[in-house]
Amino acid sequence: MSKPTTYWAANLRLVAVCMTIWFVVSFGFGIILVEPLNEIRLGGFKLGFWFAQQGSIYVFVALIFFYAFRMKKLDKQFSVEE
Amino acid sequence: MTLKTLTYIVVGLTFLLYIGIAVWARAGSTKEFYVAGGGINPIANGMATAADWMSAASFISMAGLIAFMGYGGSVFLMGWTGGYVLLAMLLAPYLRKFGKFTVPEFIGDRYYSKAARIVAVVCLIIASVTYVIGQMKGIGVAFSRFLEVDYDLGLSIGMAIVFFYAVMGGMKGITYTQIAQYCVLILAYTIPAIFISLNLTGNPIPQLGLGSTMAGTDVFLLDKLDAVVRDLGFAEYTTNARISLTNMFMYTMSLMIGTAGLPHVIIRFFTVPKVKDARSSAGWALVFIAILYTTAPSVAAMARLNLMSTIEPTAGEYMRYEQRPDWVRNWERTGLLEFTDKNNDGRIQYSADATVNELTKVDNDIMVLANPEIAGLPNWVIALVAAGGLAAALSTAAGLLLAISSAISHDLLKGVLKPDISEKQELMASRIAMAGAIAAAGYLGFNPPDFAAGTVALAFGLAASSIFPALMMGIFSKRMNKQGAIAGMLAGISVTLLYVFQHKGVMFIESTSFLGDLSPNWFFGIEPNAFGAIGAIVNFTVAFGISSMTSAPPQEVQDLVEHIRVPAGAGAALADH
């Protein structure tokens, strides 16, 4: 495979991983699984409620920086950086 | 010093700051006017994006909405933040690499079609204009409430300020002003929240206070709130879903996709120097947004609890109307808080049962606006909240106006009508378009159309069902062609509009609604505001269907897609007509 094609495939894999986490913490933990998760407590929070109102947002922030960091390395590895 | 004088001073100082920035950051070229010269530091751009994004609604209304919806209010928290993940991974870096000035310009080039560009301009203008009406109203209301000037005069002052820095500085002036506005609004939001959290839980960090025990007891704050609202017959705060979990799922998805497709947010990522900056800048934007968005649920729960304990200081003992605290008296005067002593016992009963309930009106907005008074904070904090609300409304209005004016001067005039005008002429045209956009938005602010209240659904619905899918397919599918993209956009918009109109009335005129805004008539129980995600699915399906039946895009377009997928070789944002 040509270099740009492998670079793009690696990017797509990384995006797929990140989008899965994005979906699981918000739609999964915050909505679909909210009732069972609410049985678990995190201090004063019901866990499902916490994911819906705070936890998912923290994960979103971490995900974007993780993606930016991994892409910077990927850009270097394939020497396609600006 | 009276509160009013102090408010005038604080608001006046912030306005002087914005004007000072305008004079300093004048735009000398179209590149400075459209993308601030393309040299904005990613952290600074993140801060400007946060101010651009967080409107009067985020600042003033959101916590109040959550306070009364409880868990159901999470759709706004997740929906309005999760979109940045989509932006950072699916759109921003590639559009930055493309390196032009506007969103319709990408759609026009990628789909080798002026028609596609014009469809995009129309979507952009409808989405942005409906959004800007709300900001204009926010400016007028903030002025009249805090400075006790006329709504019309307040709106005029707000328009004059925006006119000054947006027409002179374009994106450059707007960016630096938004950074200042972010600082004002975040201080104004967090200071009262910190004190309220300290009062109730002894924890100065509101995010942690929400999960702490009430000061001096071992009862958790959220458990207490659940118990208090349950006793009065309301649904439990932490588990009360909005209509249904299916509806919450679709609503959250629509807000996320809509956020990622709103042009005034996307163009902010054209201002950073490099592709990697566009990625990290989205992260910084979300950091600055998250500071407010994770504080909001704490403000919501604590304000609800404060309201409850004001009305029912000890269990079973309701507040005597004659002994109501000062902040209640103050807000009663504004008409946002109303009591009716139905059983004439001199006390105010609060109940989910409408026949017994005597707290007859609590406007959502009070929950944030009255916070400093409830916490007994000094007057300068109240003045700062006024300046913060204005900063939130002004910064969002300016960002939207820039998206509108650049679509007119760059996409319609330079791109379609008169491609041979010089840069100097285009810069002049963009200033005139900006002035025109401000005048039009102001007109709509003075005469809000009947449909203003329903328009937020329309803005997000359109962005989600038309702009986001067209951009995403343009980057991730080399095979997507002109026919597919245009058919997809039109199908997405039509389905979304049809659904919103059939339940809310054509152009939101209620009598023309043919199915009524009733949940049994909703498709799978999905409320109209949550329909953008369905519109997006329709867009994707139609686009792939039509595109597979028609010829592949020309080679140079496929090369363009290859080109935007790798960061190497990007210059600063350019217009190469």
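**From the outline of chain A to a helix inside chain B**

For a chain of 82 residues, a compact globule would have a radius of gyration near 12 Å, but chain A of this predicted model has 17 Å. The box that holds the C-alpha atoms of chain A points to the outline behind this value, since along the principal axes it is roughly 50 × 20 × 15 Å. Within chain A, 38% of the 82 residues are buried. If we look at the contacts in chain A with a separation of 6 or more, 50% of them are between residues that stand 24 or more positions apart in the sequence.

The next step is to see how chain A is built. It has three helices and two strands, and anyone reading along the sequence meets them in the pattern α-α-β-β-α.

Chain A also touches chain B, and here 37 residues of chain A are in contact with 43 residues of chain B. On the side of chain A that touches chain B, at least two residues each are supplied by α1 (3–32), β2 (45–46) and α3 (47–77) of chain A. Which of these elements gives the most to that side? It is α3(A), with 16 residues. Sorted by class, the residues on this side of chain A comprise 24 that are nonpolar, eight that are polar and five that are charged.

Turning to chain B, we can follow one helix, α3 (residues 42–53), and begin with its length. At 1.5 Å a residue, the 12 residues of this helix should span 16 Å, and because its end C-alpha atoms are 16 Å apart, the expected and the computed values agree.

Is α3(B) largely enclosed or largely open to the outside? A residue counts as buried if 20 or more other C-beta atoms lie within 10 Å of its own, and 10 of the 12 residues of α3(B) are buried, so the helix is largely enclosed by the rest of the structure. The buried residues include Pro42(B) at one end of the numbering and Trp53(B) at the other, with Asn45(B), Gly46(B) and Met47(B) also among them. The cover over the buried residues of α3(B) includes parts of chain B itself, namely α8 (151–201), α12 (263–266), α13 (275–311) and α17 (379–417).

Finally, a careful reader will ask how confident the predictor is. For chain B the mean pLDDT is 90, and 94% of its residues reach 70 or more, while the model scores ipTM 0.97 and pTM 0.94.

Notes:
Residues are numbered from 1 along each chain as its sequence is written. Chains are lettered from A and ligands numbered from 1 in the order in which they are written. This is a predicted model: local features need pLDDT of at least 70, side-chain atom pairs count only at pLDDT 80 or more; totals for chains, interfaces and linings use all residues. Helices (H or I, at least four residues) and strands (E, at least two) are DSSP runs, numbered from the N terminus. The expected span of a helix is 1.5 Å times one less than its number of residues. Two residues are in contact if their C-beta atoms, placed from the backbone, lie within 7 Å. Ala, Val, Leu, Ile, Met, Phe, Trp, Tyr, Cys and Pro count as nonpolar, Asp, Glu, Lys and Arg as charged, and the others, Gly among them, as polar. pLDDT is the predictor's confidence in each residue, from 0 to 100. The radius of gyration is taken over C-alpha atoms; the globule rule is 2.2 Å times the number of residues to the power 0.38.
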